[in-house]
Amino acid sequence: MTASNDWGGRNCPPWNCFPVRPPTNKGGRSLLRVLLVATLLTVLVVACGTDSPPTDVGTNLAATATPDVASQPTPTLEPTTAIGPSTTLAPDVTYPEGILPVRLKIPTLGIDTDTIELQLSGPEPEVPEDFDQAGWYRETRLPGEIGPAVIAGHIDSKSGPAVFAKLNELQPGDAIFVAGEDGTTVEFEVVRSGQYPKGDLPTEVFGFDLPVPELRLITCGGTFNRQTGHYDDNYVVYALAA
Amino acid sequence: MKRLALTAAAVVATLGIASPASAVHEGSVYEAQLWPLNDSGASGTVEITVSDDGETMTVGVSADGLNLDGPHAMHIHGIVDGENVASSVCPTAADDADGDGIVDVLEGAPRYGGVQLSLTTEGDTSPESALAIERFPAGTSIDYERSGIPIPDALKPNLGKLHVVVHGVDENGNGTLDLDQDVRSSLTPDLPREGTAPAACGTLAAVATGPVQTGAGGLATDASTSNAAAGLAAAAIGAVALTATRRRRPAGQSAQ
Ligand SMILES: [Cu+2]
């Protein structure tokens, strides 16, 4: 039996490829403070549209944080078989909590739109009914949590451009803001993009890149197939916490 | 030091907390890539499919390259606090808090949390079976699939934040579980450290099982142009990321 890993062709686990310290927030749970520690956040944008082979031409930015060994607490259980669900973090290790997204802003593209909740599971993932809205997949992580939050939006309607029409114009370093229902905003920075044939989105699109908050935006790309009424590909933008 | 003294009563109390079952994750698929810990050499994949009624799941674990030809306790771990599950990542060698060269099962706990489910081959799958090593797969490779595993309510909306951990590492190069190893498991004196040290860990994520249909064709009057533009943009992003420089688009190109 052969087991394979396909994290973008890397031969190391995502969280080991770079010396990154997972965001820790000793003492308080202030989201702001957490975001200061989390220097990178990933955003993934998927688009549908071309007949080209999957492209993943990007690479990860090097992270500058260093491993934080000394601060690792040593939780100790009673020497018993009673290892259970309440075995949680030691008190001084916490992870950022994230926000329930209600608004998405991408200044360089002039995007400032509501975001709704969508369901990823099922024969066909939900997409927004409103072509000017974006939607966050509730099975993915909350923006601001460690790991990828995935947001989808249309590239076009039947009559013209939709909210993510210009997603492929995003450049590395471009800022993406996600606002939560509590008024908190999380900032992400574009890192790379990828294009994949529809229905064959790799695990990479949904899995970790780095142990930091990540964002991924999905729309369509490639050729529009007039037989099916759909684009052939999805286009994905990857971003990390800024 | 007993920062996290855990009693059987605490386990039961936590198990008793039931949050409202979510009706939105039925049929969901979650995947993880397994990566080695403690130089186990292991790699592999995990796929979880939630049943149509959302109450149970099928778990598949495929791994090979394990350096211990012995029992491999396997669990779903998570940092669970009532209804909340923290999004975290698997441990690394940096989590070897006492610096003895092995990330033992509890040194990894600040990353992957406690045992939420036991991926046994038969019988109970609760945390109570966490150390029932006679009911876990054994050998240097694992080809595990079990359906009908009940999903605790608190985990239903949060499967995509959990971890799959495969335990059992050969430390002395003889490839077998040394029951009389001097160093004992940090969980129980009944097992050697080799028996419970994590050999592989993977973080689950929800994946799409169908196409994301986010286009209706209104911009596709010239499909070839659309394709080329997308490809070029992807290439540009990659090139810039490689050099870690930040490119600003000319003002004239700014989006409206
Ligand atoms: Cu475990």
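**Copper site and nonpolar cores of the predicted model**

In this predicted model, the copper ion is coordinated by B:His75 through ND1, B:His77 through NE2 and B:His167 through NE2, at 1.9 to 2.0 Å, where donors are N, O and S atoms within 2.8 Å of the metal (3.2 Å for Na, K and Ca) and water is not among the atoms, so sites may look incomplete. The spacing of these donor residues in sequence is H-x1-H-x89-H. Because B:His77 belongs to strand E5 (residues 74-81) and B:His167 to strand E10 (residues 163-167) of chain B, the pair ties together parts that are 90 residues apart in sequence; strands (E, at least two residues) and helices (H or I, at least four) are DSSP runs, numbered from the N terminus. B:His77 counts as buried at 1% relative accessibility, and B:His167 is buried with a relative accessible area of 1%, buried meaning under 20% relative accessible area (1.4 Å probe, protein chains only).

Chain B contains four helices and twelve strands, and buried residues account for 61% of its 256 residues. The largest nonpolar core, a set of buried Ala, Val, Leu, Ile, Met, Phe, Trp, Tyr and Cys residues joined through side-chain atoms within 4.5 Å, has 52 residues, of which B:Met57, B:Val61 and B:Leu119 touch the most other members. Apart from it lies another core, of 24 residues, including A:Trp136 and A:Phe164.

Residues are numbered from 1 along each chain as its sequence is written, and chains are lettered from A and ligands numbered from 1 in the order in which they are written. Local features need pLDDT of at least 70 and side-chain atom pairs count only at pLDDT 80 or more, whereas totals for chains, interfaces and linings use all residues, and side-chain values use heavy atoms, with hydrogens and water left out.

Conventions:
Buried < 20%, exposed > 50% of the residue type's maximum accessible area, 1.4 Å probe, protein only.
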